[in-house]
Amino acid sequence: MTEEQLKSIQLPKHIGIIMDGNGRWAKQRGLERTEGHKAGAKTFRRICDYGADLGIEVMTFYAFSTENWRRPPKEVAAIMKLFKEYLEEATSRENENEMRGIRLQLIGEKKGLPDDIVKLLNALEKSSADKDVMTVNLAINYGGRDEILHAFKALGSKVKSGEINPDKQTEDDISANLFTAGQPDPDLIIRPSGEYRLSNFMTWQSAYSEFWFSDILWPDFTTDDLDTAILDYCRRNRRFGGV
Ligand code: IPE
Ligand code: IPE
Ligand code: MG
């Protein structure tokens, strides 16, 4: 994106990306699915850094859903290994202060994830908590319905303890008990790979999101594609039910 373009538009505050199509990318090349995940992980790094350069406040990357545990154990293990490698790299870049002011946080259930990954995540969440260029939500072991259930339980226990009055609950109380508490809802949700569905992504938060679909497979997704999606988004007329 040119400086001029950037100046003339209002960037989405929060972009969500469903990083899909790794398996098909590998298949097209006669490679193992795992190779597609490796290529997808590289794309993630590029797009994440580019988002920070542009000045996006929050980016959410959907990397592993609560349903993805249904995949063959070998594939799941390979994906977990890639998460670990990324988190280790982020830890060392953080030490070298190369993370461009990126705050990292998990949205998803830590319970169920391998211990070494949880440890790395906890440390990174803590050490990057004061970074303010961009927040990156890593959606790992994430499900939109699971997140709502999580909020439902949290609110239920606050009702039980008398902390809140059930008759006075508002939509904001639900938002405040999601993993994305305090963040703006995603303005733009991008799904490559030719699928036209959310697959349990941001079920609550996507009520008024704009969608951008494309046939590009995630490993092939470029910074130019992100520009195209953002510029398309900027031409939309968001009415939120008004006129
Ligand atoms: C997305 O790519 C990565 C994960 C869901 C972990 P896929 O692995 O779903 O790729 P396709 O959809 O099979 O091409
Ligand atoms: C959605 O992709 C989840 C992630 C990209 C992490 P899937 O490949 O799991 O979605 P479905 O199964 O095609 O709906
Ligand atoms: Mg897929």
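User: What makes you say that ligand 2 sits in the largest pocket?

Analyst: Keep in mind that this is a predicted model. A molecule sits in a pocket if more than half of its atoms lie within 2 Å of the pocket's grid points, and ligand 2 is placed in the largest pocket on that basis.

User: Why is Asn 68 said to have a polar contact with ligand 2?

Analyst: The cut-off for a pair of N or O atoms is 3.5 Å. A polar side-chain atom of Asn 68 lies 2.9 Å from an oxygen atom of ligand 2, so the pair counts as a polar contact.

User: What about Ser 199 and Arg 191, how far are they from an oxygen atom of ligand 2?

Analyst: For Ser 199, a polar side-chain atom comes to 2.6 Å from a ligand oxygen. For Arg 191, a side-chain N or O atom is 3.4 Å from an oxygen atom of ligand 2. Both pairs are within 3.5 Å, so both pass.

User: How much of ligand 2 does the protein bury?

Analyst: Taken alone, ligand 2 exposes 390 Å², and the protein buries 78% of that.

User: What makes Tyr 62 part of the shell around ligand 2?

Analyst: A residue belongs there if one of its heavy atoms lies within 4 Å of the ligand. Tyr 62 is on that list, and so are Ala 63 and Phe 64, among others. Strand S2, residues 58-65, gives the most to this shell, with 3 residues.

User: Why are 5 residues of that shell called nonpolar?

Analyst: Ala, Ile, Met, Phe and Tyr count as nonpolar, and the shell includes Ile 18, Met 19, Tyr 62, Ala 63 and Phe 64, so those make up the 5. The shell also has 2 polar and 4 charged residues.

User: Back to the largest pocket: what lines it?

Analyst: Its volume is about 680 Å³, and 33 residues line it. Met 19, Asn 22, Tyr 62, Ala 63 and Asn 68 lie nearest its centre. H3 (33-54) gives the most to the lining, with 6 residues. By class, the lining divides into 16 nonpolar, 8 polar and 9 charged.

User: And what makes Cys 234 a lining residue of the second largest pocket?

Analyst: A lining residue has an atom within 4 Å of a grid point of the pocket. Cys 234 is listed there, along with residues including Gln 10, Tyr 233 and Arg 236. This pocket has a volume of about 190 Å³, and its lining has 4 nonpolar, 1 polar and 4 charged residues.

Terms used. Residues numbered from 1 in each chain as written. Chains lettered and ligands numbered in written order. Predicted model: local features only at pLDDT ≥ 70, side-chain atom pairs only at ≥ 80, totals over all residues. Heavy atoms only, no water. Polar contact = N/O pair within 3.5 Å; in protein donor to acceptor, adjacent residues only side chain to side chain. Areas by Shrake-Rupley, 256 points an atom, 1.4 Å probe, with all protein chains shown as cover. 1 Å grid on protein atoms, 1.4 Å probe; cavity = no way out; pocket = protein on both sides within 12 Å on 5 of 7 lines; lining within 4 Å. Helix = DSSP H or I, 4+ residues; strand = E, 2+ residues; numbered from the N terminus. Points joined across faces, edges and corners; volume = space filled by probe spheres on them.
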